[in-house]
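Biologist: Hi! I'd like to go through this structure with you before I head back to the bench. Could you pull it up?

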Amino acid sequence: MKNELELLKEIEYVRFGGTRQEYKTALWIIDRLAELGLKAHHEAFNVGASIISSHSLLADGEEIASRVLFGSPSVKDLKAPLYYFSHNDEVSLSEVKDKIVLADRLGYWNYKDLFEHKALAVIVYNGDLYDDNRDIDQREIRAMEKEVGLMPVMQIHVKDAYRLIQNGVKEVCVNIDSKDVEAESGNVICDIEGDSDKTIVFTAHYDSVWLSKGAYDNATGTIGLIKIAEYFAEHKPHHNIRFIFCGSEERGLLGSKDYVERHKDELKDIALCINLDMIGSTMGHFDACVSAEADLVSYLRYLACEEGVSLNLYHDVYSSDSTPFADSGVPAMSFARNTFVTPIHNRHDTSASLSLEHFKEDIAFIITFAEKMANSKVFPVKREIPDSIKEKLDIYMCRKRK
């Protein structure tokens, strides 16, 4: 099989969840696993999308380049004063009624508060003030936010957001002609059978955001799973192994959430979830985030010392496909090589930012750890989620406010 970067370059294109390009990648994964003698299948699930027939955003009569978030309701000539919502507190919330709000961040709690305080619409932004491009991301109003209620949300570039505030724009007018439709995403699932009743699940998402070819985030994790599958196809494990290549992670962990809901009766047999999300970067520190008993953190620290691997360990919740498993009671963890240098969620996330040497080193350590887990006589990780992690899961899943 080709090396890691050669394989990665074959899927170095935009793979937004629910599109033909994402499905094309799913078929590519199935074909690569078939080359290893492994059978995989695509398990489809529905995701939302929107047909935007027309839209416009006018600021004091000047049209601003924009996108409409999927799920936004249609509005015609919605005019209101612009209010800059820089911080969510009672003072700011007292000002948003009957305004169109420009928000630094949205997220569930900001959305809920703005809706309940009668904001008419929201504008969010993305990008870099000092980058030459003016790419505008395609985002969506997510399911939890829709449960609160619908209001129009538009996305602009940070350069235009900055100019709106700098120029003291007074009035904004929003027009949206939008229709919600269903699209299809999916998980790719592949099993390697052992001879025990326990299963180790490996996860990695294979989709990207709208703006990005997603080499680092997360074609690296996708290729990592294929290389781990290559190892275990040649070295039969004692415990069963299931690989789940998750769709639509960037749209809110939709693939892993669908999996744990659809397969909830099988979760009792899963002993551990090992997730890969962004490895192999040229710079950065190799991380392992454990959402399981603290003893697993200690074990990984000892193993890293034994193998001579610099590993940054923390006991927390990781924003990736390991989290729905942990939230469903399955001990889970994520590996990543995190860096402030390698960009994500924009056009600069390409294979040029990756290191074949680090890619191989990261995968080698993950295989070393996985091989010990997969061939343990008695599975060493307790099947429990500590209370401290449960509390962090409640916050991450927006069941509890921080």
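Modeller: Here we go, and keep in mind that this is a predicted model. Let me start with a cysteine: C246 counts as buried, because its relative accessibility is 0%.

Biologist: Which cysteine sulfur is nearest to that of C246?

Modeller: That of C273, which is 7.8 Å away, and C246 is in no disulfide. A disulfide needs the two sulfur atoms within 2.5 Å, so that distance rules the pair out.

Biologist: How many disulfides are there by this rule?

Modeller: The count is 0. C190 is not in a disulfide either, and its nearest cysteine sulfur, on C246, is 14 Å away.

Biologist: Is C190 buried or exposed?

Modeller: C190 is buried, because its relative accessibility comes to 1%.

Biologist: OK, switching to charges. How many salt bridges does a search of the whole structure find?

Modeller: That search gives 23 salt bridges. A nice one to look at is K112 with E116, where the closest N and O atoms are 2.9 Å apart.

Biologist: Where do K112 and E116 lie?

Modeller: Both are in helix α4, residues 107–116, and they sit 4 residues apart, about one turn of the helix.

Biologist: And why does K112 count as partly exposed?

Modeller: Because its relative accessibility is 22%, and the cut-off for buried is under 20%. E116 is partly exposed as well, with a relative accessible area of 43%.

Biologist: What about K227 and E230, are they buried or exposed?

Modeller: Both of them are buried. Their side chains form a salt bridge at 3.4 Å, N to O. The two residues belong to helix α7, residues 215–234, and are 3 residues apart, about one turn of the helix.

Biologist: Which residue does D362 form a salt bridge with?

Modeller: D362 pairs with R337, and their closest N and O atoms are 2.5 Å apart. That pair links distant parts of the chain, with D362 in helix α11 (residues 356–374) and R337 in strand β14 (residues 332–338), 25 residues apart. D362 and R337 are both buried.

Biologist: Which residues do salt bridges with shared partners join into one network?

Modeller: The members are E62, R134, D160 and R163. You meet D160 again in helix α6, residues 158–166, where the buried residues are V158, K159, D160, A161 and L164.

Biologist: What covers those buried residues of α6?

Modeller: The cover includes β1, β4 (75–85), β5, β6 and β7 (153–157). After α6 comes G168, which has a positive phi near 65 degrees.

Biologist: Let's try another helix. What do the buried residues of α8 pack against?

Modeller: They pack against β1 (40–59), β8 (171–192), β10 (240–246) and α10 (322–327). In α8 itself, residues 254–262, the buried ones are G255, S256, D258, Y259 and V260.

Biologist: Now the greasy part. Which residues touch the most other members of the largest nonpolar core?

Modeller: Those are F202, F243, I274, L300, F335 and F369, out of 66 residues in that core. Leaving aside residues up to four places away in sequence, F369 touches L272, I274, L296, Y299, L300, L303, M333 and F335. Apart from that core lies another, of 20 residues, with L57, A59, L78 and L164 among them.

Biologist: Last topic, backbone oddities. Which residues are joined by a cis peptide bond?

Modeller: D217 and N218 are, with omega at about 5 degrees. N218 is placed in helix α7.

Biologist: And what is the phi of D98?

Modeller: D98 has a positive phi of about 60 degrees, although it is not a glycine. You can find D98 in the loop between α3 (90–93) and β5 (100–103). D98 counts as partly exposed, because its relative accessible area is 43%.

Biologist: Where does K118 lie?

Modeller: K118 is in the loop between α4 and β6 (121–126). Its phi is near 70 degrees, again a positive value in a residue other than glycine.

Biologist: Great, thanks for the tour!

How values were computed
Residues are numbered from 1 along each chain as its sequence is written. This is a predicted model: local features need pLDDT of at least 70, side-chain atom pairs count only at pLDDT 80 or more; totals for chains, interfaces and linings use all residues. Side-chain values use heavy atoms; hydrogens and water are left out. Buried means under 20% relative accessible area, exposed over 50%, partly exposed in between (1.4 Å probe, protein chains only). Contact means heavy atoms within 4.5 Å. A salt bridge is a side-chain nitrogen of Lys or Arg within 4 Å of a carboxyl oxygen of Asp or Glu. A nonpolar core is a set of buried Ala, Val, Leu, Ile, Met, Phe, Trp, Tyr and Cys residues joined through side-chain atoms within 4.5 Å.
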